Amino acid sequence: MAKYWGTYEKAGKWFTIRNAEGADAQKVIHFMEYVDRETTFLLREPGEFEADYPLEKETELLSSWTEDPKHLFLLAETAEGEIAATCGCMYNASRKRTRHLGEIAISVRESFWRMGLGRKLFEIQEAWCQKNQVEKLCLSVDTLNTRALGLYLSRGFVVEGTLHRESKMADGSWRDMYRMAKFF
Ligand SMILES: CC(C)(COP(=O)(O)OP(=O)(O)OC[C@H]1O[C@@H](n2cnc3c(N)ncnc32)[C@H](O)[C@@H]1OP(=O)(O)O)[C@@H](O)C(=O)NCCC(=O)NCCS
C-alpha cells in the first residue's frame with residue numbers, strides 16, 4: 001500500500017510525489033550520483049553512494065522502508081519518470097526518551113531548483129511527522145548552504161548550534177555544519 005502519493009505542478013510542469021519502493025533502486029542510485037556531482041553540500045564524494053549501496057542493497061533498503069512505519073522516503077518524479085528530488089524522514093521508536101525526535105534530509109537536482117519542490121516535500125514530511133507524534137524535527141546543514149538555509153529558516157527551523165569541522169573536503173578544507181530543529 002502506498003504511504004504517500006500526490007501530484008505537484010509548477011509553471012506547467014507536473015511531478016508525481018510518492019514514497020520510493022524497491023523497484024526504484026537503480027533510479028535512486030543514478031539520482032544520488034548526479035546530485036553528488038552537482039553540489040558539495042552533501043556528505044559524500046561522487047561515487048561513494050553507489051559504493052555503499054550497490055543495486056541489491058539499495059533495493060532491499062528501499063523495500064524495507066516501504067514496509068517500515070518509521071520511515072518515509074519520498075521521490076518527486078517528472079512526467080518522463082526522471083527523479084527530480086528525494087526527501088527522507090525517519091524517527092526511532094525503540095527508546096521512549098527520544099521517540100519524539102525525527103530526522104530529515106533533502107536533495108533536489110539543480111535543473112529543478114527554485115520550483116517549490118523543496119518547500120512541497122518539507123510540507124508533506126512535516127505533516128507526516130505530526131501524524132506520527134514527532135515533536136522535534138532535526139537536520140544538519142553546511143553553514144555555507146544559503147539556499148538550504150533559506151528553505152529551513154522560512155519553514156520555522158532554528159539553529160541549535162554549530163558543529164565544527166564536520167566534513168573534510170577532497171582538497172583538505174573543512175566545512176562546519178549547523179544543527180537545526182523545528183518544534184511542533
Ligand atoms: C536546498 C534545496 C533543497 C532547495 O530546494 P528547492 O526546491 O530549490 O527550494 P524551493 O524552490 O522549494 O524554495 C524554497 C525556499 O528556499 C529558499 N531558497 C531557495 N533558493 C534560495 C536561494 N538561492 N537563496 C536563498 N533562499 C533560497 C527560499 O526561502 C525559498 O522560498 P521562496 O521560493 O518562497 O522564496 C536544493 O537547492 C538542493 O537540493 N540543493 C542541493 C542539495 C542540498 O543542498 N541539500 C540540502 C542539504 S542540507
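**Exercise 1.** With which side chain does the side chain of Asn132 make a polar contact? Place Asn132 in this predicted model and describe its surroundings.

*Solution.*
- Start with the contact. The side chains of Asn132 and Tyr91 make a polar contact at 3.5 Å.
- Locate the residue. Asn132 sits in the loop between helix H4 (117-131) and strand S6 (136-142).
- Check exposure. The relative accessible area of Asn132 is 16%. Buried means under 20%, so Asn132 is buried.
- List the neighbours. Leaving aside residues up to four places away in sequence, Asn132 touches Pro69, Tyr91 and Arg99.

**Exercise 2.** Classify the ring pairs Phe49–Tyr53 and Tyr91–Trp128.

*Solution.*
- Set the scope. The structure holds 8 aromatic pairs.
- Take Phe49 and Tyr53. Their ring centres are 5.2 Å apart and their planes meet at 35°, so this pair is tilted.
- Add accessibility. Phe49 is buried at 7%. Tyr53 is partly exposed at 28%.
- Take Tyr91 and Trp128. This pair is also tilted, with 5.6 Å from centre to centre and 45° between the planes.
- Map the second pair. Tyr91 belongs to strand S4 (residues 83-91) and Trp128 to helix H4, so the pair ties together parts 37 residues apart in sequence.
- Check both rings. Tyr91 is buried at 6%, and Trp128 is buried at 13%.

**Exercise 3.** Find the charges that lie over the faces of Tyr53 and Tyr34.

*Solution.*
- For Tyr53, look at Lys57. Lys57 lies over the ring face, 5.0 Å from the ring centre.
- For Tyr34, look at Arg109. Arg109 lies over the ring face, 3.6 Å from the ring centre.

**Exercise 4.** Which residues do ring pairs link into a cluster?

*Solution.*
- Follow the ring pairs. They link Tyr8, Phe15 and Phe112.

How values were computed:
Residues are numbered from 1 along each chain as its sequence is written. This is a predicted model: local features need pLDDT of at least 70, side-chain atom pairs count only at pLDDT 80 or more; totals for chains, interfaces and linings use all residues. Side-chain values use heavy atoms; hydrogens and water are left out. Helices (H or I, at least four residues) and strands (E, at least two) are DSSP runs, numbered from the N terminus. Buried means under 20% relative accessible area, exposed over 50%, partly exposed in between (1.4 Å probe, protein chains only). A polar contact is a pair of N or O atoms within 3.5 Å; within protein, one must be able to donate a hydrogen and the other to accept it, and residues adjacent in sequence count only if both atoms are side-chain atoms. Contact means heavy atoms within 4.5 Å. Rings of Phe, Tyr and Trp (its six-membered ring) pair if their centres lie within 6.5 Å; planes under 30 degrees apart count as stacked, over 60 as edge-to-face and the rest as tilted. A charge sits over a ring if NZ of Lys or CZ of Arg is within 6 Å of the ring centre and within 35 degrees of the ring normal.
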